[in-house]
Amino acid sequence: MSGTGNVDRRGFLKGAAVAGSATIAAETTARAQTAPAAPKAAAPTAAQMAAETQPPGEEEKLTTEKTGSDFMVDVCKTLGIEYMAACPGSTFRGLQESFINYGKNSKPEWLTCLHEEVSVGMGHGYAKVAGKPMAAMVHGTVGTQHSAMALYNAWCDRVPIIVFTASAGPIEDRRPGIEWYHTVQDGAATVRDFTKWDDYPWSLQGFAESTVRAYQLATSQPQAPVLITADGKLQEMALTKAANAKLSIPKLNHPTQVAADPNALRDAAKLLVAAENPVILVDRYARTQKGVNDLVRLAELLQAPVVENRGRMNFPTTHYLSQWERSGPLLAQADCILALEPSDLFGQLTRVRDQIERTFASKARPGAKVIAISTHDLMVRANYQDFQRYSAADVSITADGEASMPYLIEAVQREIGDRKSAFEARGQKLLAAYKGLADRARAEAAVAWDLGPISSARMYAELYNQVKDLDWALLSDGGFSSNWPHRLWPIEKSYQFMGGSGGGGVGYQPVAALGGALAHRDAGGRTAISITGDGEFNMAPHTLWTAAHHKIPYLTIIQNNRAYHQEVMHIQHMANRHNRGVENAVIGTTMRDPNISYARIAEGYGAVGIGPITDPKDLGPAIKRGLDAMKSGQPVLIDAVMQPR
Amino acid sequence: MNIGKIALAALAFFAMPAASSWAADAANGKKHFDNDGCWQCHGYGGQGALLTGPQISRTKLTFDQFLHQLRHPASAMAPYEEAIMPDATASDIYAYLEAMPEPPQAKDLPLLYVTKSK
């Protein structure tokens, strides 16, 4: 066969097939006797030469100066979106090129992420700090699937993110294979249960209107992520001047938020003023410093204790009416409870005993009046159960808590009458109780002070000592470390705390911290700190590369208990319930043998890695070293080997 | 102070009579405290954690109260019945908790006073 020289590939394959297996033995014999000839490239036929070297019959235009994706960039620019985070995907290749070239990679700036969960999840942290959404672009089908958990967390936490995905367009234009795998008729279906709105616009004008509408909906209360599908053909179509001139981008108007019905507020004010022991429960209430200040004003007017559920920074921890540590006795004696944006009113008012027979008991005293001001009921879906158990308030006000607060204050002022002296006496008792809280926290923090692994109280005390003179902000909540930041730290400014994950999807913390740190960097270079569990970090360690690449400095302290500790406790509980002992509870729940070297992982991604730190005495100097390294714009990780909580 | 030092301190107390009918062995109690998962919720030093379990170091409970809590937790704590923790073992753990050294005084820890001060 090698002697024929001009057999083309198709002809060779055909001949081989005809020859069949009968020739194999003879060929093998021949190869054993002579060295194989070097393979020769088949010479192209005249037709092939013509096809590859001569212009087509009519002149084909293969380039264009402006495309649909350029217009899509124009749309995003009118919205003032600062950042577009993405892990690359071919379904949005047109858009990506337009953003980085036509859009000059500025407002929005393209941020390179290594997983779609990071692209979307960093927007979660960013929005809570910046007070406005950023955008993410996720690959068709597979990228949306990767982003789903981050979207769910943001949905549960009522946080806006503008997410774009893409699809390859009509079937006659798709490349075989991969573009079919990455195209879906209804790209939002995967995440529709936990996005506020979505659309797949079929024209550029539709893209403009849907994107502006999506932004407006995402940022209206209750806030949530939205998703727009950018059709592949629309992205890559040539856009003539004439066609472009017909397009328009609607103006974005920020609507006013839903404030409470004045009559309902009057009823609420009467109950609050008449109460002997009112309590204010607060969860995802404040978005701004004004919201915090307004709540302080209401609490002081009523001299009512504030029980913080820490969904946001709602109330200064240094104010004597901050009494969340006394929530048990306060709720037990409360005759009126005002709940502001509770994510789970039933849960906040109910004590559950998680044994074989689960039992439920009210934390509130019988007959206590409950007032709820919340946007919770404005965004309820049927499938995912994040709406929590039904709990009827006596006065249920569907409205935005922060927008309603000035009117509630006015209503309370009108009702106070001669109750002022009684309120002042109540305030004195609360002040005395508050002072006791600080002493108790210090005494409890001292108990395991010198132990190794490091106690969480010691870690927060060492950390605060290093940042106390800086403009600091926490990017993590303290739920997995006994809420020590709220017990020990003076959290007074709105931006110093941003709540938790919302949906409890593990992996939120490193990812949201990246976005929050970006917003703090842009706000003038605050010192941003994330206390990140080792289980959390392992879901997205590569966030550190994005931070290093884009010069986003923040300090991550790995709260390294070498376990998914919550799950350790669950398995222990099950083992004991079954009378089998806890010995095997470490199987499937711990990360030991080998221990993971987080500092080396950080270094591998271009961040500064410090640790492992095992002796509490070494932690302060390590934190100082980390903060010094951050000054050059680097992300820093400290691996602190710590007690479980 | 590390866990090893606590163990030494505990050993010094192991001969103390517990409020039970067993000759309590604090060293054995420490072994079970470590192996039977007590520290997972209450911390290596028995310091407690706000959301998982209260302080049990130098417990103020009587042994009977302690044993009742083990067998029939009032809270969501995992129950420890006789089958997996005999009374004698519980007694040893109780002795270990009682023998834990007194923690440092908060007033002697300046770092706790640079935090929330109001």
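In what order do the elements of chain B run from the N terminus on? Colour chain B by secondary structure and follow the chain: the pattern reads α-α-α-α-α. Keep in mind throughout that this is a predicted model.

**Stop 1: chain B**

With chain B still selected, you will find five helices and zero strands. The chain has 118 residues, and buried residues make up 45% of them. If you draw a contact map of chain B and keep pairs with a separation of 6 or more, 60% of those contacts join residues 24 or more positions apart.

Now pick Arg58(B), in the loop between helix H3 (38-42) and helix H4 (63-71) of chain B. Its phi is about 50°, a positive value although the residue is not a glycine. Is Arg58(B) buried or partly exposed? It counts as partly exposed, because it has 14 C-beta neighbours inside 10 Å, and a residue needs 20 or more to be called buried.

**Stop 2: where the chains touch**

Show both chains and select the contact between them. It takes 43 residues from chain A and 36 residues from chain B. On the chain A side, helix H17 (420-446), helix H18 (456-467) and helix H23 (565-577) each supply at least two residues. Colour that side of chain A by class and you get 19 nonpolar, 15 polar and nine charged residues.

**Stop 3: from H17 to H18**

Stay on chain A and move into the loop between H17 and H18, where Pro453(A) has its place. The peptide bond joining Gly452(A) and Pro453(A) is cis, with omega about -5°.

Continue into helix H18 of chain A and click on Gln466(A). Gln466(A) is buried, because 23 other C-beta atoms lie within 10 Å. Which residues is Gln466(A) in contact with, leaving aside its neighbours within four places in sequence? Select Gly620(A), Ile623(A), Lys624(A) and Leu627(A) to see them. For a longer view, draw a C-alpha to C-alpha distance from Gln466(A) to Val142(A): they are 43 Å apart in space and 324 residues apart in sequence.

**Stop 4: two more backbone details in chain A**

A second place to check omega is the bond between Gly611(A) and Pro612(A), a cis peptide bond with a value of about 5°. Pro612(A) is found in strand S17 (residues 608-613) of chain A.

Then go to Arg158(A), in the loop between helix H7 (142-156) and strand S4 (162-167) of chain A. Phi of Arg158(A) is near 55°, again positive in a residue other than glycine. Arg158(A) is buried, because it has 24 other C-beta atoms within 10 Å. As background for these stops, most residues other than glycine have a negative phi, and most peptide bonds are trans.

**Stop 5: the domains of chain A**

Finally, zoom out and give each domain of chain A its own colour: domain 1 (9-53), domain 2 (68-245), domain 3 (262-436) and domain 4 (447-641). Hide domains 1 and 2 to look at the other pair. How far apart are the centres of domain 3 and domain 4 of chain A? Taken over C-alpha atoms, 30 Å separate them. Between these domains, 15 residues of domain 3 are in contact with 15 residues of domain 4. The domain 3 side of that contact divides into five nonpolar, five polar and five charged residues.

Conventions
Residues numbered from 1 in each chain as written. Chains lettered and ligands numbered in written order. Predicted model: local features only at pLDDT ≥ 70, side-chain atom pairs only at ≥ 80, totals over all residues. Contact = placed C-beta atoms within 7 Å. Helix = DSSP H or I, 4+ residues; strand = E, 2+ residues; numbered from the N terminus. Nonpolar A, V, L, I, M, F, W, Y, C, P; charged D, E, K, R; others polar. Buried ≥ 20, exposed ≤ 12 C-beta atoms within 10 Å, placed from the backbone. Domains from an automatic or database assignment.
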